[in-house]
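Please find below a colleague's note on the model, set out as numbered points. The sequence and structure come first, and the comments follow.

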Amino acid sequence: MNRHTFNYLESITYAYHDTKRQIKEIEEELLYESKWSDVKAGKVSVKEKVDTTAVKAAALVEDRRLKRLREQVDAVDRAYNSLIPEKQELVKLYYWDDPAPRPMGYYAEKLSLSVRTAYRWRREYIYRLAKELGEI
C-alpha cells in the first residue's frame, strides 16, 4: 500500500467521530428540509397528495454523501471490532482519545508495548480498514 492511501485511511479514522456527527446532521437536513411541503402556491392553494414519508425515506437512501459517509463509518467499525481488545485500545488512544498527536512511543509505553509492536498493530488496523473499503 502506498503512503498516500495509508494517510487517506488514517484520515478516515481520525475523522470517525466527526463523520458520525456529520451523518446525523445530513439526515436531519434531509428529514426536516422545507422543500417537502405539500402545499403548492397559486391562485388557489391546493393541497397535493404526496407521500412525504416515502419521499424523505428515498432521499435518505439515495443521498450520495450520506452513502459514502456511512460506508466509511461502517468500515471503521468493522475493522476496529475485528481487532483484539489490546489492539483496539491502541487504535482508540492513538486516533481518538488524545487531542494533541504524540509520538507512537508515548502510546507504546502507556500500553506496555515495544514501539515496533505498536507500529505493527497500527499498520494491521489500517490494512483491515483498507480491505473493508476495497482499497486493496
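The points below take up two helix pairs and two residues in turn.

1. On the basis of the note: this is a predicted model, in which local features need pLDDT of at least 70 and side-chain atom pairs count only at pLDDT 80 or more, whereas totals for chains, interfaces and linings use all residues. Residues are numbered from 1 along each chain as its sequence is written, and side-chain values use heavy atoms, with hydrogens and water left out.

2. On the first helix pair: helix α2 (residues 16–32) packs with helix α4 (residues 64–81) at an angle of about 145°, their axes being 10 Å apart. Helices here are DSSP runs (H or I, at least four residues), numbered from the N terminus, and axes are lines fitted to C-alpha atoms over the stretch in contact, with angles running from 0 to 180 degrees between N-to-C directions. The crossing of α2 and α4 is left-handed, that is, the near helix is turned anticlockwise from the far one by less than a right angle.

3. On the residues joining that pair: α2 contributes, among others, Tyr16, Ile23, Ile26 and Leu30, which meet a set in α4 including Leu66, Leu69, Val73 and Val76, contact meaning heavy atoms within 4.5 Å. The residues of this contact divide into eight nonpolar, three polar and six charged, where Ala, Val, Leu, Ile, Met, Phe, Trp, Tyr, Cys and Pro count as nonpolar, Asp, Glu, Lys and Arg as charged, and the others, Gly among them, as polar.

4. On isoleucine 12: this residue lies in helix α1 (residues 3–14) and is buried, with a relative accessible area of 6% (buried means under 20%, with a 1.4 Å probe and protein chains only). Leaving aside neighbours within four places in sequence, isoleucine 12 is in contact with Gln72, Val76 and Leu133. The C-alpha atoms of isoleucine 12 and leucine 129 are separated by 9.4 Å, although the two residues are 117 residues apart along the chain.

5. On the second helix pair: helix α5 (residues 85–97) and helix α7 (residues 115–133) pack at an angle of about 90°, with their axes 10 Å apart, and are therefore roughly perpendicular to each other (a class that covers 65 to 115 degrees). Leu90, Val91, Tyr94 and Tyr95 are among the α5 residues that meet α7, where the partners include Trp121, Tyr125 and Ile126. By class, this contact has eight nonpolar, no polar and four charged residues.

6. On glutamine 88: this residue of helix α5 counts as buried at 17% relative accessibility. The side chain of glutamine 88 reaches the backbone oxygen of tyrosine 80 at 3.0 Å.

How values were computed. Helices (H or I, at least four residues) and strands (E, at least two) are DSSP runs, numbered from the N terminus. Buried means under 20% relative accessible area, exposed over 50%, partly exposed in between (1.4 Å probe, protein chains only). Angles under 35 degrees count as roughly parallel, over 145 as roughly antiparallel, 65 to 115 as roughly perpendicular and the rest as oblique. A polar contact is a pair of N or O atoms within 3.5 Å; within protein, one must be able to donate a hydrogen and the other to accept it, and residues adjacent in sequence count only if both atoms are side-chain atoms.
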